[in-house]
Every structure is written in structure tokens, then in C-alpha cells.
Amino acid sequence: MAEERYLDPTRAHFDAFKALPRDVPINMLNLLQFHEHAQYPEGHPSGAHGWSGARAYEEYGKTSGPIFKRVGGTIIWRGKMEAMVIGPDDKQWDSSFIARYPNSGAFLEMVTDPEYQKAVVNRQAAVFTSRLIRFGEMDGPDGFG
């Protein structure tokens with residue numbers, strides 16, 4: 001049985017995202033597992049480069065980065081997975097980061113930008129599977145409580 005993969009949001013997930021408050025800062029946890037070799041659509045010029053998935057994702061970052069910054073996005077944390085402590089042993093992430101947006105409207109502006117739509121082909125070619133999780137902010141005591 002083939003492993004279920006997650007690359008782009010489903011309509012239901014995207015609708016749920018859009019239904020949440022739009023005027024508050026959001027943090028988006030990105031967990032990425034790359035293809036060994038980027039998987040571009042047939043005839044796409046970048047496919048001729050023979051890039052790894054990691055290299056194709058780097059290109060996505062270069063081409064989408066100016067749009068991300070223009071809408072007010074910032075990376076607030078980036079990490080390299082070292083060990084699974086709680087969770088399935090078969091899930092290893094090649095890249096992890098938290099992107100902060102001033103509000104969900106900024107995220108929506110980015111993903112609907114025509115230049116972003118051109119850049120995202122590199123992400124789609126790079127990523128084998130991923131998770132993108134929206135987090136709001138909470139007030140509370142320091143610690144785990």
C-alpha cells in the first residue's frame with residue numbers, strides 16, 4: 001500500500017484556514033520531507049537541471065522569498081531534525097521551520113500572488129510529503145501548564 005502524501009492543501013483544509021480569524025498574527029509550522037531527485041512536470045525547464053529535492057526547495061525559497069517578505073512574513077525558528085522522541089519512526093523531516101505572518105490575509109496574499117504561483121512549482125517538485133500547521137498565539141503561564 002502506498003504511503004499517503006501531503007503536498008498541497010485540500011479544499012476542505014483551505015476553507016477551514018480561511019474561516020479562522022484573519023486579523024491576528026499566525027505561525028505556520030512547516031515540516032518537509034524532500035524527494036531525492038526533484039520531480040518536475042514533463043517539459044518544465046527546471047527539470048533539465050537534475051536538481052535534488054533539497055536544491056529545488058532552495059530555488060523555491062529564492063523565488064518566493066521576496067513575496068514572503070513583502071507580505072510581512074518572517075522565519076522565527078528553523079531546525080534540523082535529530083531524533084524522533086515521540087512519534088512514528090518512519091517519519092523523518094529534512095527541514096522544519098516556523099513562518100510568522102502578521103495575519104492570515106498576508107499568507108493568502110502570498111499564495112495567490114502570480115509570481116508566487118510561478119515559484120511554487122519548485123516546492124511541488126521538491127517535496128515528497130509535508131505538514132503545514134497553523135498555530136495561533138495563547139497567553140498563559142510560563143511552563144507546560
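A nonpolar core is a set of buried Ala, Val, Leu, Ile, Met, Phe, Trp, Tyr and Cys residues joined through side-chain atoms within 4.5 Å. With that in hand, welcome to a tour of this structure, which is a predicted model.

## The core

The largest nonpolar core has 28 residues. Those with the most contacts inside it are Tyr57, Tyr101, Phe107, Met110 and Tyr116. Two or more residues come from each of α1, β1, α2 (53-70), β3 (95-101), α3 and α4.

Tyr101 is a good place to start looking around. Leaving aside residues up to four places away in sequence, Tyr101 touches Pro25, Ile26, Met28, Phe68, Val71, Gly73, Ala106, Phe107 and Met110. Two of these partners, Phe107 and Met110, are also named among the core residues with the most contacts.

## The sheet

Which order do the strands take in the open sheet? There are four strands, in the order β2-β3-β1-β4, with antiparallel pairing. The edge positions belong to β2 and β4 (127-135), each of which pairs on one side only. From one strand to the next, the twist averages 20°.

The table lists the strand pairs, with an example of facing residues for each.

| Strand pair | Sense | Bridges | Facing residues |
|---|---|---|---|
| β1 and β3 | antiparallel | seven | Asn30 and Phe97 |
| β2 and β3 | antiparallel | five | Gly79 and Ser96 |
| β1 and β4 | antiparallel | eight | Gln33 and Thr129 |

Helix α4 packs on this sheet, touching β1 and β4. The direction of α4 makes about 115° with that of β4.

Strand β3 deserves a second look. It is mostly covered, as five of its seven residues are buried. Ser95 lies in β3. Is Ser95 buried or exposed? The relative accessible area of Ser95 is 14%, and the cut-off for buried is under 20%, so Ser95 counts as buried. Its contacts, not counting residues up to four places away in sequence, are Asn30, Leu31, Leu32, Phe34 and Gly79.

## How the helices pack

Two packed helices are described by the angle between their axes and the distance between the axes. Here are two such pairs, both involving α3.

Helix α3 (residues 104-112) packs against helix α4 (residues 114-126) at an angle of about 70°, and their axes are 5 Å apart. Angles of 65 to 115 degrees count as roughly perpendicular, so α3 and α4 fall into that class. On the α3 side the contact involves Met110, Val111 and Thr112, which meet Pro114, Tyr116 and Gln117 of α4. By class, this contact has four nonpolar, two polar and no charged residues.

The other pair is α1 with α3, at an angle of about 140° and with axes 10 Å apart. What does that angle make α1 relative to α3? Over 145 degrees would count as roughly antiparallel, and 65 to 115 as roughly perpendicular; an angle of about 140° is in neither range, so α1 is oblique to α3. Phe14, Phe17 and Lys18 represent α1 in the contact, while α3 supplies Ser104, Phe107, Leu108 and Val111. The residues of this contact divide into five nonpolar, one polar and one charged.

Val111 takes part in the contact of α3 with α4, and Val111 is likewise listed in the contact of α1 with α3.

## Two loop residues

Away from the helices and strands, a couple of loop positions are worth a visit.

Pro21 sits in the loop between α1 (11-19) and β1 (26-34). With a relative accessible area of 46%, Pro21 is partly exposed, because that class lies between the 20% limit for buried and the 50% limit for exposed. Although Pro21 and Asn103 are 82 residues apart along the chain, their C-alpha atoms are separated by 8.6 Å. Pro21 also touches Ser104 and Arg134, again not counting residues up to four places away in sequence. Ser104 is one of the α3 residues in the contact with α1.

Ala83 is in the loop between β2 (74-79) and β3. Its relative accessible area is 53%, and exposed means over 50%, so Ala83 counts as exposed. Ala83 and Trp93 are 10 residues apart in sequence, and their C-alpha atoms are 9.8 Å apart in space.

Terms used
Residues are numbered from 1 along each chain as its sequence is written. This is a predicted model: local features need pLDDT of at least 70, side-chain atom pairs count only at pLDDT 80 or more; totals for chains, interfaces and linings use all residues. Side-chain values use heavy atoms; hydrogens and water are left out. Axes are lines fitted to C-alpha atoms, for helices over the stretch in contact, and angles run from 0 to 180 degrees between N-to-C directions. Angles under 35 degrees count as roughly parallel, over 145 as roughly antiparallel, 65 to 115 as roughly perpendicular and the rest as oblique. Contact means heavy atoms within 4.5 Å. Ala, Val, Leu, Ile, Met, Phe, Trp, Tyr, Cys and Pro count as nonpolar, Asp, Glu, Lys and Arg as charged, and the others, Gly among them, as polar. Buried means under 20% relative accessible area, exposed over 50%, partly exposed in between (1.4 Å probe, protein chains only). Two strands pair if DSSP finds at least two bridges between them.
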